[in-house]
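Reader: I should be grateful for a close look at one part of the structure shown here, with attention to its charged side chains. Please then relate that part to the rest of the chain in a connected account.

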Amino acid sequence: MLNVVVADDQALVRDGLCMILSSQPDITVVAEAADGVEAVAAARAHHPHVVLMDVRMPNLDGIGATREISACSPATRVLVLTTFDLDEYVYDALRAGASGFLLKDMHRTELVAAVRTVAAGESLLAPTVTRRLIADVLRQRAPVVATLAPLAALTPRELDTLRQVARGLSNAEIAAELFVTEHTVKTHVSSLLSKLGLRDRVQAVVVAYESGLVRPAAPL
């Protein structure tokens, strides 16, 4: 059984999310939160598998709450709820420790699948969405001096793998791209995450962009 906390300051949205999740035989909504403070308290009390986290909430926003939950309940995965006009907030939430995000206009099946995915230890990293948001935010921000120094511990093949992860490719797609087996890709991903002290692929994407290993693509 997967335990979930739903945090959103809009009661109707919160009720809808709870109704969808509670209809699943393997998911239990253990608590609801109307702001970030309540979300952190619920995470401390229940240590849920997943927290669905809205970004804009009173008292403590979703970014601050995500950061606190990552610190007090490391095993809890945070899925950020957002819209495309909140790109910068999404990126900051990923840096705070979120394992991915969901768009508020998602289909109910996508919501359920996402909760199960991150609860299983995977990251929600949709190539057409997550990568686009990160690239767009970095393009809009003031230029920073990028350095590959944090990646010095990685082997050339691990760097190649990280580049493909940042593109949003799956292990199978990376294997085809680099002409190696999927098992080899899994080994490289696990090794680079360990060397960089990262929890999951989402954090790896952030590091790839911030270090300058991958550059935001020019807007279409």
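Author: Arg163 is a suitable place to begin: its relative accessibility is 31%, and it therefore counts as partly exposed, since that class lies between the 20% limit for buried and the 50% limit for exposed residues. The model is predicted. Arg163 meets Asp160 in a salt bridge, with 2.9 Å from N to O. Asp160 is likewise classed as partly exposed, at 27% relative accessibility. Both residues belong to helix 7, where a spacing of three residues puts about one helical turn between them. The general background is that an α-helix has 3.6 residues a turn, so residues three or four places apart point the same way.

Helix 7 comprises residues 156-166, and its buried members are Glu158, Leu159, Thr161, Leu162, Gln164, Val165 and Ala166. Among these, Glu158 carries a negative charge, yet its relative accessible area is 5%. Glu158 has a charged partner in Lys195, the closest N and O atoms of this salt bridge being 3.0 Å apart. Because Glu158 belongs to helix 7 and Lys195 to helix 9, this bridge ties together parts of the chain that are 37 residues apart in sequence. The two ends of the bridge also differ in environment, for Glu158 is buried, whereas Lys195, at 40% relative accessibility, is partly exposed. Just after helix 7, Gly168 adopts a positive phi of about 90°.

Helix 9 leads on to another charged pair. The loop that joins helix 9 to helix 10 (201-210) holds Asp200, and the partner of Asp200 is Arg77 in strand 4, 123 residues away. The closest N and O atoms of the salt bridge between Arg77 and Asp200 are 3.5 Å apart. Here both partners are buried, Arg77 with a relative accessible area of 10% and Asp200 with one of 2%. The total for the model is six salt bridges.

Through Arg77, the account reaches the sheet. The sheet is open and has five strands in the order 2-1-3-4-5, with parallel pairing. Strand 2 and strand 5 (100-103) are the edge strands; each has a single partner, so one side of each lacks a neighbour in the sheet. From one strand to the next, the twist averages 25°. Strand 4, which spans residues 77-82, pairs with strand 3 in the parallel sense over five bridges, and Leu81 of strand 4 stands opposite Asp54. Helix 3 lies across these two strands and runs at about 160° to strand 3. Helix 2 also packs on the sheet, where it touches strand 1 (2-7), strand 2 and strand 3, and its direction makes about 140° with that of strand 2.

A buried charge of another kind occurs at Asp35, in the loop between strand 2 (27-33) and helix 2 (36-46). What is the nearest side chain of opposite charge to Asp35? That side chain is Arg14, at 9.1 Å, and Asp35 has no salt bridge although it is buried. The cut-off for a salt bridge is 4 Å, so the separation from Arg14 lies outside it. The side chain of Asp35 does reach backbone nitrogens: that of Val37 at 3.1 Å and that of Glu38 at 2.7 Å. Beyond four places in sequence, Asp35 touches Met57, Pro58, Asn59 and Leu60.

One of these contacts, Asn59, lies in the loop between strand 3 (50-54) and helix 3 (62-72). Its phi is near 70°, a positive value in a residue other than glycine. In contrast to buried Asp35, Asn59 is exposed, with a relative accessible area of 68%. Phe179 also has a positive phi without being glycine, near 60°. Phe179 is situated in the loop between helix 8 (171-178) and helix 9 (182-196), and it counts as exposed at 76% relative accessibility.

For the chain as a whole, there are 10 helices and five strands. Of the 220 residues, 50% are buried. Among contacts with a separation of 6 or more, 69% join residues 24 or more positions apart. The bridge from Glu158 to Lys195, across 37 residues, and that from Arg77 to Asp200, across 123 residues, are examples of links over such sequence separations.

Technical notes:
Residues numbered from 1 in each chain as written. Predicted model: local features only at pLDDT ≥ 70, side-chain atom pairs only at ≥ 80, totals over all residues. Heavy atoms only, no water. Helix = DSSP H or I, 4+ residues; strand = E, 2+ residues; numbered from the N terminus. Buried < 20%, exposed > 50% of the residue type's maximum accessible area, 1.4 Å probe, protein only. Polar contact = N/O pair within 3.5 Å; in protein donor to acceptor, adjacent residues only side chain to side chain. Contact = heavy atoms within 4.5 Å. Pairing = 2+ DSSP bridges. Axes fitted to C-alpha atoms, helices over the stretch in contact; angles between N-to-C directions.
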